[in-house]
Amino acid sequence: MSRPPTLTLPPCARAYSLTTERGAFAVHDARPVGVPAGTALLVPGFTGSKEDFIALLAPLAAAGFQAVAVDGRGQHDSPGPRDESAYAQGELARDVLAQATALTASGGGPVHLLGHSLGGLVTRAAVLLDPAPFRSLTVLSSGPAAIDAAQRARVRTLIEALGRLDMESVWRVMRALDPPEAADGATPPEIGAFLRRRWLNTVPEQLIATGRQMTEEPDRVAELAAVPLPKHVVSGAVDYAWPVPLMDAMAERLAARRTVIADAAHSPNTERPEETAAALSAFWNGLG
């Protein structure tokens, strides 16, 4: 579970509801001074939200990009139905396409798509449906297929618990299983309160459906490699969900740019935001 280092939006950003042809989505939108060089659409991961990108907003705006972080349907501040079928990967991918269309209509320039973790699988599916709205795709801490075997077991346990317990009870079980570095004493109280609030706000069927996607995702790298779109694979130096060598190999198969963020793990966006933003903006600026 990503833990944002702050919940305070920078002065360049605002929170609002982005209206699309597939409904409204809660976003954080950071604007640069002057005309944007492009728009970064930032899609969060499993159990995540737009807040996971707060620390990227100011440095991306300073680099000249509009940065828009979104809550997907049923995720934290975006509403969603109590129906697992609504969270099929194809449905989530079409939401991303609708978000990109709405942002393009607002005049933010070419859309650079980024997906973190589960978001990497969803954004890949969006690009495979229709790459036309996008200038590039960045896969952040996400791999070629299903997550690592040990993590598959954990997610399946979570799915089983969500099927028989209420969200508050599952939250207490998850906290009991947290590693020492995630204990209450190691997490600022306001962040801890936010994490609980975000969990309780998220639709359980969204978690069940997307959890299954993470455990069952097939390898679609060859399909993605055939899409003529610039690609960037970014990760920390270690990763528990997809081993780093697996992401190295994926980048080679994609003929993608590869960036490893030192001293970061599964969430470089929260752990090393300045370095991550620099890597992202360098890639986007290099595309012309």
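**Exercise 1. Place aspartate 95 in this predicted model and decide whether it is buried or exposed.**

Solution.
- Start with the element. Aspartate 95 lies in helix 2.
- Next, accessibility. The relative accessible area of aspartate 95 is 2%. Buried means under 20%, so aspartate 95 is buried.
- Then the surroundings. Beyond residues up to four places away in sequence, aspartate 95 touches Arg22, Phe25 and Arg73.

**Exercise 2. Describe the largest nonpolar core, and find which helix gives the most to it.**

Solution.
- Begin with the count. The largest nonpolar core has 60 residues.
- Pick out its hubs. Leu41, Val96, Leu113, Val127, Phe134, Leu162 and Trp199 have the most contacts inside this core.
- Assign the main contributor. Helix 2 (residues 89–105) gives the most, with 7 residues.
- Look around one hub. Leaving aside neighbours within four places in sequence, phenylalanine 134 is in contact with Val96, Leu97, Ala100, Val111, Leu113, Val127 and Leu229.
- Check for another core. A second, separate one has 22 residues, including Phe53, Ala61, Leu140 and Ala279.
- Set this in context. In soluble globular proteins, nonpolar side chains tend to be buried together.

**Exercise 3. Determine how far helix 1 is enclosed, and what its buried residues pack against.**

Solution.
- Count first. Of the 9 residues of helix 1, 7 are buried, so helix 1 is largely enclosed by the rest of the structure.
- Name them. The buried residues are Ile54, Ala55, Leu56, Leu57, Pro59, Leu60 and Ala61.
- List the partners. These buried residues pack against strand 1 (13–20), strand 2 (23–30), strand 3 (39–43) and strand 4 (66–70), as well as helix 10 (268–271) and helix 11.
- Look past the end. Glycine 64 follows helix 1 and has a positive phi, near 105 degrees.

**Exercise 4. Classify the packing of helix 1 with helix 11.**

Solution.
- Take the geometry. Helix 1 (residues 54–62) and helix 11 (residues 273–285) pack at about 45 degrees, and their axes are 9 Å apart.
- Apply the classes. Roughly parallel needs an angle under 35 degrees, and roughly perpendicular runs from 65 to 115. Helix 1 and helix 11 are therefore oblique to each other.
- Add the hand. Their crossing is right-handed.
- Read the contact. Helix 1 supplies Ala55, Leu56, Pro59 and Leu60, which meet Pro273, Glu274, Thr276, Ala277, Leu280 and Trp284 of helix 11.
- Sort by class. The contact divides into 8 nonpolar, 1 polar and 1 charged residue.

**Exercise 5. Do the same for helix 4 with helix 5, then for helix 3 with helix 7.**

Solution, helix 4 and helix 5.
- The angle between helix 4 (residues 149–162) and helix 5 (residues 167–176) is about 150 degrees, with the axes 9 Å apart.
- Over 145 degrees counts as roughly antiparallel, so helix 4 and helix 5 are roughly antiparallel to each other.
- Helix 4 crosses helix 5 in a right-handed sense.
- Leu158, Ala161 and Leu162 of helix 4 meet Met167, Val170 and Met174 of helix 5. This contact has 6 nonpolar, no polar and no charged residues.

Solution, helix 3 and helix 7.
- Helix 3 and helix 7 (residues 204–216) pack at about 85 degrees, with their axes 10 Å apart. They are therefore roughly perpendicular.
- Leu118, Leu121 and Val122 in helix 3 meet Thr210, Gln213 and Met214 in helix 7. By class, that gives 4 nonpolar, 2 polar and no charged residues.

**Exercise 6. Trace the surroundings of leucine 128.**

Solution.
- Leucine 128 belongs to helix 3 (residues 118–129).
- Along the chain, leucine 128 and alanine 93 are 35 residues apart; their C-alpha atoms are separated by 9.1 Å.
- Neighbours within four places aside, leucine 128 is in contact with Arg220, Glu223, Leu224 and Val227.

**Exercise 7. Compare the settings of serine 141 and aspartate 263.**

Solution.
- Recall the background. Most residues other than glycine have a negative phi.
- Take the angles. Phi is positive for serine 141, near 55 degrees, and for aspartate 263, near 60 degrees.
- Locate both. Serine 141 is in the loop between strand 6 (134–140) and helix 4. Aspartate 263 is in the loop between strand 8 (257–261) and helix 10.
- Check accessibility. Serine 141 is buried, at 0% relative accessible area, whereas aspartate 263 is exposed, at 62%.

Definitions and conventions
Residues are numbered from 1 along each chain as its sequence is written. This is a predicted model: local features need pLDDT of at least 70, side-chain atom pairs count only at pLDDT 80 or more; totals for chains, interfaces and linings use all residues. Side-chain values use heavy atoms; hydrogens and water are left out. Axes are lines fitted to C-alpha atoms, for helices over the stretch in contact, and angles run from 0 to 180 degrees between N-to-C directions. Helices (H or I, at least four residues) and strands (E, at least two) are DSSP runs, numbered from the N terminus. A crossing is left-handed if the near helix is turned anticlockwise from the far one by less than a right angle, and right-handed if clockwise. Contact means heavy atoms within 4.5 Å. Ala, Val, Leu, Ile, Met, Phe, Trp, Tyr, Cys and Pro count as nonpolar, Asp, Glu, Lys and Arg as charged, and the others, Gly among them, as polar. A nonpolar core is a set of buried Ala, Val, Leu, Ile, Met, Phe, Trp, Tyr and Cys residues joined through side-chain atoms within 4.5 Å. Buried means under 20% relative accessible area, exposed over 50%, partly exposed in between (1.4 Å probe, protein chains only).
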